[in-house]
Amino acid sequence: MSGLHLRGVVLPGDEVRDLWVVNGRVRTTPVPGAETVADGGFIVPGLVDAHCHIGIGPDGPVDLDAAHEQAVVDRDTGVLLIRDCASPLDTKPLQERLELPRILRAGRHIARPKRYIPHLGVELEDPSLLPGAVAEQAAEGDGWVKLVGDWIDRSAGAGADLAPLWPDEVLAEAIQVAHDAGAKVTAHVFGEAALPGLLAAGIDCIEHGTGLTDDTIAMMASAGTALVPTLINIENFPGIAQSADHKYPVYAAHMRELHEGVRATVRSAIEAGIPVYAGTDAGGGIAHGRIVDEILALRDTGMSAEDALAAGSWAARRWLGWSGLDDGAAADLLVLADDPRKDLEALRHPELIMLRGRLVG
């Protein structure tokens, strides 16, 4: 039986171990005749971008060829598992391409008219239709549904600000529909007002979460609700505020306030024990291939280097239903010359990337 052989420190442990790869799976017992492809260094479970948009570009939806290239860019930085946090493009064909990262799809965003980026989501005129729309997207996706929880409500004129899209009672019904279908629900939320209703309804994850307060942090910690803060995307808030200054000054001031407080907010979430994972929000305003920047941002916000790495690797994989590098696990991994727990910049220079047991590049 032929196969591949690797030897190195297998993270998150500290021991030098031997791994063998056969038919795309890790084995921990010797495989006769295996070819050694790595001898020394640090073996890291494949990186995860837990908030990514394959199929969205700076100008909106893209075609399948462009989406393929987006996934290649992510793969070449070591991202081997993507939670695609909603896309207007049916990316199921990309899941069949063995050279691309594994993609867990969330269907399309569910929003309301004029309350999200145009042309990206399913827009519901009547909010009572949310449970039915959730059922449809749960059937379309791979275990996740994405709601737009809040957005600027321009109908208020100069006083417009971030406001919830959905009544609390509709949220509770919709999230229960998803759970009954075996799917989890996450939501885009920038501000404070939408969070209590979403959390009380049993939502599984919050994206961005810049408006978290002591009370909603406590709710998340108690329920085990995950947070994907997309810190590198939050750096866009000052530009958003500047563009809104003249017409929507209240909203602009709010966005600046959220930006100024984001590091303290996420640090409080980490200290409270909320599970926090690395996601870039690539697509649109963020280029693909920036997962290392997000891992570094988590460290700078208060995580240890190892915890920040876990948030973009083995812990995120486990959260999404994938194991690390145990016997029988998928052979999705990176080999690094230096220990990334001592210097996260080492993640930018993998000596080897393996996806589905095949060497990349």
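## Salt bridges, cysteines and a strand residue

Arg-299 is partly exposed, because its relative accessible area is 33%, which lies between the limits of 20% and 50%. The structure above is a predicted model, so please read the values here as computed from it.

**Charged pairs.** How many salt bridges does the model hold? The count comes to 15. Arg-299 takes part in one of them, its side chain meeting that of Asp-300 with 2.9 Å from N to O. Asp-300 is partly exposed too, at 44% relative accessibility.

Another pair is Arg-290 and Asp-293, whose closest N and O atoms are 2.8 Å apart. Arg-290 is partly exposed at 29%, and Asp-293 is partly exposed at 23%. These two residues also belong to a wider arrangement: together with Glu-345 and Arg-348 they are linked in a network of salt bridges.

Asp-332 and Arg-317 form a salt bridge as well, with 3.6 Å between the closest N and O atoms. This pair links distant parts of the chain, 15 residues apart: Asp-332 sits in the loop between α12 (314-319) and β18 (333-336), while Arg-317 is in helix α12. Are these two residues buried or exposed? Both Asp-332 and Arg-317 are buried.

**Cysteines.** A search of the whole structure turns up 0 disulfides. Why do Cys-85 and Cys-205 not form one? The sulfur of Cys-85 has its closest cysteine sulfur in Cys-205, 6.9 Å away, and that is too far for a bond. Seen from the other side, Cys-85 likewise provides the closest cysteine sulfur to that of Cys-205. For comparison, the cut-off for a disulfide is 2.5 Å between the sulfur atoms. Cys-85 counts as buried because its relative accessible area is 1%, and Cys-205 counts as buried because its value is 0%.

**Leu-359.** Strand β20 spans residues 358-359 and contains Leu-359. Which residues does Leu-359 touch, leaving aside those up to four places away in sequence? They are Val-37, Leu-352, Ile-353 and Met-354. The contact with Val-37 bridges a long stretch of chain: Leu-359 and Val-37 are 322 residues apart in sequence, yet their C-alpha atoms are 9.1 Å apart in space.

Here are the accessibility values for several of the residues discussed.

| Residue | Relative accessibility | Class |
|---|---|---|
| Leu-359 | 43% | partly exposed |
| Asp-300 | 44% | partly exposed |
| Arg-299 | 33% | partly exposed |
| Arg-290 | 29% | partly exposed |
| Asp-293 | 23% | partly exposed |
| Cys-85 | 1% | buried |
| Cys-205 | 0% | buried |

Notes:
Residues are numbered from 1 along each chain as its sequence is written. This is a predicted model: local features need pLDDT of at least 70, side-chain atom pairs count only at pLDDT 80 or more; totals for chains, interfaces and linings use all residues. Side-chain values use heavy atoms; hydrogens and water are left out. Helices (H or I, at least four residues) and strands (E, at least two) are DSSP runs, numbered from the N terminus. Buried means under 20% relative accessible area, exposed over 50%, partly exposed in between (1.4 Å probe, protein chains only). Contact means heavy atoms within 4.5 Å. A salt bridge is a side-chain nitrogen of Lys or Arg within 4 Å of a carboxyl oxygen of Asp or Glu.
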